[in-house]
Amino acid sequence: MNIKILILGLSVVLLAVNGLQAKEDKEVITKGKYTLTLVNQDPSLNVAVKAGLIKTFFKVYPKMVKDFNKEATKRVLVTIDTTYNGVAYAHDGKITIASQWLEKKPGDMDVITHEGMHLVQAYPSGAGPGWLTEGIADYVRYAYGVDNASAGWALPDFDPKHRYDNSYRITARFLLWINQHYDKKFVHKMDSHMREKTYSKELWKTYTGKTLEDLWKEYSLNPLVKV
Ligand SMILES: [Zn+2]
C-alpha cells in the first residue's frame with residue numbers, strides 16, 4: 001500500500017476516535033465494594049462539577065446503602081445527558097443527570113444524593129405512594145447531603161397551603177418532624193416497608209399512635225423542627 005494512503009487512512013481513524021472521545025467520555029472508578037461508571041456526554045461540563053459528583057457519590061452512597069438497604073446495587077452508572085431537559089432520574093442501578101441542569105446549578109452536587117437514594121430504595125412497583133418515595137429521598141438528601149447550601153437547597157418553612165402528599169421537600173420536612181417528635185427510626189421503618197411491599201396507611205398509627213391525617217394536623221399547628 002502506498003505509504004501516503006496508509007498515513008491518510010490512519011489519520012482518518014484517529015480523527016474518528018478523537019471525535020468519539022470528544023462526544024462522550026467514560027470513567028470507571030472503584031473504591032472498595034463500590035464501582036461508579038460515569039459517562040459524560042457534555043464536553044463543556046466543568047471538570048470541578050464532574051469531580052464533585054464523583055466525590056459526593058463515594059461519600060454518601062456507601063453510607064446510604066449501609067443505613068437503609070445493604071442489598072442495594074454496588075455498581076452504579078451515572079450518565080450526564082445532553083439531550084434530557086428535566087433534572088435527573090434513577091432506576092435499576094442507573095442515574096441520569098441533565099447536563100443543562102448542571103450548567104444552571106453547578107453547585108448541585110447532592111442531586112446525586114437524592115438520585116442515589118432512589119437506587120438504595122429499589123422499591124418494587126406498587127410499593128406505596130410516590131409522594132412518600134420522593135419525600136424519603138429528599139429527607140435523605142437533607143440528612144446525608146454534603147453541600148445542600150451551595151445548591152441553595154433547604155427544607156422549606158411550613159406553609160398552611162402545604163399537604164403531606166405534596167412530595168419532595170414538603171413531605172421530607174414532615175418526615176423529619178415525625179422523626180424528631182415520635183420515632184427517630186420512622187423514616188428507616190417506612191423505607192423498609194416500602195421495599196418489602198408491606199406499606200399501608202395504618203403504619204403511621206402503628207409507629208406514632210396517630211393517623212396520618214391527625215399527625216399532619218398536629219404538625220401544621222406546631223411545625224417546628226430542629227434543623
Ligand atoms: Zn426523586
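## Exercises on a predicted model

**Exercise 1.** Which residues is I95 in contact with, leaving aside its neighbours within four places in sequence?

*Solution.* In this predicted model, those neighbours are set aside and the contacts of I95 are then listed: V76, V78, A88, A90, I112, E115, G116 and L119. The next step is to place I95 in the nonpolar core. The largest such core has 50 residues, and I95 is one of the members that touch the most others, along with M64, I97, I136, Y139, F174 and L175. Helix α2 (residues 47–68) supplies the largest share of this core, 8 residues. Domain 1 (25–122) and domain 2 (125–227) each contribute at least three residues to the core.

**Exercise 2.** Determine the strand order of the open sheet and explain why β1 and β4 each have one side without a neighbour in the sheet.

*Solution.* The 5 strands follow the order β1-β2-β3-β5-β4, and their pairing is mixed. Because β1 (25–31) and β4 (88–91) stand at the edges with a single partner strand each, one side of each has no neighbour in the sheet. From one strand to the next, the twist averages 15°.

**Exercise 3.** Describe how β2 and β3 are joined, and which helices pack on or lie across the strands.

*Solution.* Strands β2 (residues 34–40) and β3 (residues 75–81) run parallel and are joined by 6 bridges. V39 has T79 of β3 as its bridge partner. Helix α2 packs on the sheet, where it touches β1, β2 and β3, and its direction makes about 155° with that of β2. Helix α4 (residues 111–121) lies across β3, β4 and β5 (94–98), at about 25° to β4.

Methods
Residues are numbered from 1 along each chain as its sequence is written. This is a predicted model: local features need pLDDT of at least 70, side-chain atom pairs count only at pLDDT 80 or more; totals for chains, interfaces and linings use all residues. A nonpolar core is a set of buried Ala, Val, Leu, Ile, Met, Phe, Trp, Tyr and Cys residues joined through C-beta atoms within 7 Å. A residue is buried if 20 or more other C-beta atoms lie within 10 Å of its own, exposed if 12 or fewer, and partly exposed in between; C-beta atoms are placed from the backbone. Helices (H or I, at least four residues) and strands (E, at least two) are DSSP runs, numbered from the N terminus. Domain bounds come from an automatic or database domain assignment. Two residues are in contact if their C-beta atoms, placed from the backbone, lie within 7 Å. Two strands pair if DSSP finds at least two bridges between them. Axes are lines fitted to C-alpha atoms, for helices over the stretch in contact, and angles run from 0 to 180 degrees between N-to-C directions.
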